[in-house]
Amino acid sequence: MGQAKREEDYGYNLFSERKEGGQKNMSLSQSVLHCHNKCRVMLQFAMETSPYAKLLLSAMKASGCNVLTERHLSCEDCDGTVNGGFDATSSQIVLCQNNIHQQSHMNRVVTHELIHAFDHCRANMHWFDNYRHLACSEVRAASLSGDCSFGNELSRYHFGLKEHHQKCVRARALHSILAVRKINRADAEKVVDEVFESCYKDLAPFGRIPHSKKDAEFAYRDHMNRERYYANL
C-alpha cells in the first residue's frame, strides 16, 4: 500500500497482521500455531468439497485468474469483528483463523471472499476510491455466498418471508462497507441503494442465487457441463 492508503486505512486495521509493522509470528504460541493449522485444514477441505468454492475457482481459472492456495489464501489473526477479507493490493484472501471455528463457517467465508476475487478478476475494480464498485461486490457476495440463506438467517434470529433475502443482502452489504470504509451510514445506504438492483441481478458465475448447498451443486454441474460444451466446439 502507498502512504495515502495507509492513512485512509481502508479496513486494514481489522487485520492485525496486515497493519504497518504487523508480522506473522506463529512460533511464539502453540495455541496460535494450532489455530493456524486448523484453519489451513478447513480451508483446503472447503476448496476441495464446497460446490460454491469449486464453481468460483473454475470460473476464475477460465477467466485467466488461477487461484493458488499458498499464494492467494492466507490464514491470519484478525479483529474480533470480521471473519475474512479480500486484499486487493495483493490479490489475496484473508481467512480469520481466530474467528472461524466450524467448517460450514469456513465454507461460507471462503465463498464470500472468492466472489470478491472473481469480481476483481473479471472487471476493472476501483476498490479504494469508488464506493459503487465496493458496494456492488458486497451485494453480490452477500447474495450468492449463502450469507443470507434461510438457515443462516434463522441462526441470527432473523425471520421474514416477503423479500427477506433482499433485505438481508442490503443489510449485510451495508455492514461490510461500514466495517472497512470511513463513511457515514446515510452515504453508505445511498450507495448500496444506487447499485442494488443491477448488482443483485448479476448472478455470475452461478447463473442463479444458490439458496442451499443443493442449489450450488446444480449450479456447479451446469457450469461444468457448459465448460465441457465450449471445450468441444
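This briefing walks through the fold, the strands and the disulfides of the protein shown above. Please keep in mind that the model is predicted. The protein has 10 helices and three strands, and five disulfides are counted in it. Of its 233 residues, 47% are buried.

**Overall fold**

- Along the sequence, the elements come in the order α-α-α-α-β-β-β-α-α-α-α-α-α.
- Among the contacts with a separation of 6 or more, 62% are made by residues 24 or more positions apart.
- The accessible surface of the protein is about 12400 Å², and carbon and sulfur atoms hold 50% of that surface.

**Strands and their pairing**

- Strand β3 spans residues 92–96, and five of its five residues are buried.
- In general, side chains of a regular strand alternate between the two faces of the sheet.
- Here, Q92, V94 and C96 point one way from β3, while I93 and L95 point the other way. All of these residues are buried.
- Strands β1 and β3 run parallel and are joined by four bridges. One position to look at is L73, whose bridge partner in β3 is I93.
- Strand β2, residues 84–87, pairs with β3 in the antiparallel sense, also over four bridges. In β3, the residue opposite G84 is L95.
- The hairpin of β2 and β3 has four residues between the strands, and S91 in this hairpin takes a positive phi near 50°.

**Disulfide C39 to C75**

- The sulfur atoms of C39 and C75 lie 2.0 Å apart and form a disulfide. This disulfide links distant parts of the chain, with C39 in helix α2 (residues 30–49) and C75 in strand β1 (residues 73–76), 36 residues apart.
- The torsion about the S-S bond of C39 and C75 is about -80°, so this disulfide is left-handed.
- C39 and C75 are both buried.

**Disulfide C65 to C121**

- C65 and C121 are joined by a disulfide with a distance of 2.2 Å between their sulfur atoms. Distant parts of the chain are linked here too: C65 sits in the loop between α3 (51–62) and α4 (69–72), and C121 in helix α5 (residues 103–122), 56 residues apart.
- With a torsion of about 90° about the S-S bond, the disulfide of C65 and C121 is right-handed.
- C65 has 23% relative accessibility and therefore counts as partly exposed, since buried means under 20%.

**Disulfide C148 to C168**

- C148 and C168 form a disulfide, S to S 2.0 Å. The pair links distant parts of the chain, 20 residues apart, from C148 in the loop between α6 (131–144) and α7 (150–155) to C168 in helix α8 (residues 164–180).
- A torsion of about -85° about the S-S bond of C148 and C168 makes this disulfide left-handed.
- Both cysteines, C148 and C168, are buried.

**Connectivity and a free cysteine**

- Counting the bonded cysteines along the chain, the disulfides follow the pattern 1-3, 2-6, 4-5, 7-10, 8-9.
- C35 is in no disulfide, and the nearest cysteine sulfur to it belongs to C39, 7.0 Å away. A disulfide calls for sulfur atoms within 2.5 Å, so C35 and C39 do not qualify as a pair.

Conventions: Residues are numbered from 1 along each chain as its sequence is written. This is a predicted model: local features need pLDDT of at least 70, side-chain atom pairs count only at pLDDT 80 or more; totals for chains, interfaces and linings use all residues. Side-chain values use heavy atoms; hydrogens and water are left out. Helices (H or I, at least four residues) and strands (E, at least two) are DSSP runs, numbered from the N terminus. Buried means under 20% relative accessible area, exposed over 50%, partly exposed in between (1.4 Å probe, protein chains only). Contact means heavy atoms within 4.5 Å. Accessible areas come from the Shrake-Rupley method with a 1.4 Å probe; for residues, only the protein chains shown count as cover. Two strands pair if DSSP finds at least two bridges between them.
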